[in-house]
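Visitor: I have a structure open and would like a guided tour. Can we go through it one question at a time?

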Amino acid sequence: MRIQKTGGPRSRNFQWTCLLFCLVSAAAASGCASGKLNTARQAFYNGGPTQAVGVLSEEDEVSGRNELLYLMEKGAILHHAGDFAGSTKVLLRATALMRDQDIISAGQQTASLVTTEWLTDYKGEYAERLLVHTYLMMNFLLMGDHESALVEAKQALEVYDAFPDACNGDYFTRALIAHCFEALGELNGAYIEYKKLAELMGDPTPVAQRLCNLAARLGFDDEVARFSQYLPPSAPEKGTDKIGEAIVFYSQGRSPVKIPHDIVLPPSIRFSFATYENRSGYLPPPSVGPRAGGGSGAVITTDVGDILRSSLKERLAQIIVKETARVAAKEAISHNIDNDGVELLVRVIFFLMEVPDTRSWQTLPAYFSLIRIPVSDPDRSIRIPGTSHTITLPEMDQSGSDTPFYHYFTIRH
């Protein structure tokens, strides 16, 4: 019997071509978020959160590589639709998925080395991963579950610790963390976070009242004196906050989105990368002036675009390393093909596949603001100055308790 050998140059060229076409097909299938996801995003901004929720009622059409992105988008949409329990359920799945994704898939990494980042699971920018916990904290507080909110606060702190350069500009989330500690009576934790926030902002004024109150309760007299100089003239007097505070989570505008860029070098080398582009202009944060007998409100704002760009910048070194390795791998493969026609075809395919990963969480706002409003009159509605929004306090049982009440509201503008 005569055995015919296989695996010669012609066979290898054919194998490479077939493999590349398979990879191109896989990349095309996973390269774009599902049509439903894009439709839901459009509905969110044009028709409202309730309409967007209906679009995302089915999950079976979402690619596994976009699963985290889908969960983040749906969690935010449900939150703004007022379904805090549903949002929490979805976002808890997102946190579990993020933990699973921390185990790197060798197969995906190998495939993306010669094709595109679209073949890998979307893991979220560092700031996006932090904001999953932010939405969960808001959800739990709005549902009155302070204990679960504090659990999320501690997980958010782990993200801050892991990626400080990317996330330290998120003042809103850190203020939320500090409040979670304070609301459950963990005074040391609250004081540490408020003080850290004051240092990061560079101006302690928005948190001076909290720092003075906590420092006094902890016996830090020097710190009381230090932060008292930042108190506004309308700081509430003792005994005026019998029914506590209204705490508003205020979202404005649309977060920036990623757009593609290319650098082309002859004959067929293509470097690709993404940057964030704004969709909203500057929006001044809301302000809350003095209220009769209640003092001034405090507003702490995060520019979401700033922390998203910081996150992308922190990944820049690893992006450059991987992009350089991908270009080198493609050149090596092309040079090893001994048929000019096949080599040209392979180079064209490689060139076309070099598309930057522009996936991003697009239902995020441009700005998050946390507004604290001292309350002394349960019958008065509170208008957020500079906006058309008014919040109405619920009926409260004024039992004379010294324990503060917190009234939580979420507003999207």
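Visitor: Is histidine 261 buried, partly exposed or exposed?
Guide: This is a predicted model, and the answer comes from computed accessibility. Histidine 261 has a relative accessible area of 26%. Buried would need under 20%, and exposed over 50%. The value falls in between, so histidine 261 is partly exposed.

Visitor: Which residues is histidine 261 in contact with, leaving aside its neighbours within four places in sequence?
Guide: Start with its place in the fold: histidine 261 lies in strand E2. One partner, proline 356, is 95 residues apart from it along the chain, yet their C-alpha atoms are separated by 7.5 Å. The full set is Phe271, Ser272, Phe273, Ala274, Thr275 and Pro356.

Visitor: How many residues lie between E2 and E3 in their hairpin?
Guide: E2 covers residues 257-265 and E3 covers residues 269-277. The two run antiparallel, joined by nine bridges. Isoleucine 259 stands opposite threonine 275, and aspartate 262 has serine 272 as its bridge partner. The number of residues between the strands of this hairpin is three.

Visitor: What is the strand order of the open sheet of four strands?
Guide: Begin at the edges, where each strand pairs on one side only: these are E4 and E8. Pairing within the sheet is mixed. Neighbouring strands are turned against each other by 15 degrees on average, direction ignored. The order is E4-E5-E1-E8.

Visitor: In which sense do E4 and E5 pair?
Guide: E5 spans residues 367-374, and six bridges link this strand to E4. Threonine 301 stands opposite serine 369. Threonine 302 has phenylalanine 368 as its bridge partner. The sense of the pairing is antiparallel.

Visitor: Which side chains of E4 point to the buried face?
Guide: The side chains alternate along E4, residues 298-303. Val299, Thr301 and Asp303 point to one face and are not buried. On the other face, the buried side chains are Ala298, Ile300 and Thr302.

Visitor: Which strands of the sheet does H7 touch?
Guide: H7 is the helix of residues 126-142. This helix packs on the sheet, and its direction makes about 130 degrees with that of E8. The strands touched are E1, E5 and E8.

Visitor: Are H7 and H8 roughly parallel or roughly antiparallel?
Guide: H8 covers residues 146-162, and its axis is 8 Å from that of H7. The packing angle is about 165 degrees. Over 145 counts as roughly antiparallel. The pair is therefore roughly antiparallel.

Visitor: How many residues of the contact of H7 with H8 are nonpolar?
Guide: H7 passes H8 in a left-handed crossing. From H7 the contact includes Leu130, Leu136 and Phe140, and from H8 it includes Ala149, Ala153 and Val159. Four residues of the contact are polar and one is charged. The nonpolar ones number eleven.

Visitor: What covers the buried residues of H12?
Guide: H12 runs over residues 208-218, and its buried residues are Ala208, Gln209, Arg210, Leu211, Cys212, Leu214 and Ala215. Just after the helix, glycine 219 takes a positive phi of about 80 degrees. The cover includes helices H10, H11 and H13 and strands E1 and E5.

Visitor: Is leucine 393 buried or exposed?
Guide: Leucine 393 sits in the loop between E7 and E8. Its C-alpha atom is separated by 9.5 Å from that of phenylalanine 409, 16 residues apart along the chain. The relative accessible area of leucine 393 is 7%. Buried means under 20%, so leucine 393 is buried.

Visitor: What share of the residues in the protein chain is buried?
Guide: The chain has 16 helices and eight strands. Among contacts between residues at least 6 apart in sequence, 73% join residues at least 24 apart. Of the 413 residues, the buried share is 49%.

Technical notes: Residues numbered from 1 in each chain as written. Predicted model: local features only at pLDDT ≥ 70, side-chain atom pairs only at ≥ 80, totals over all residues. Heavy atoms only, no water. Buried < 20%, exposed > 50% of the residue type's maximum accessible area, 1.4 Å probe, protein only. Pairing = 2+ DSSP bridges. Axes fitted to C-alpha atoms, helices over the stretch in contact; angles between N-to-C directions. Parallel < 35°, antiparallel > 145°, perpendicular 65-115°, else oblique. Left-handed = near helix turned anticlockwise from the far one by under 90°. Contact = heavy atoms within 4.5 Å. Nonpolar A, V, L, I, M, F, W, Y, C, P; charged D, E, K, R; others polar.
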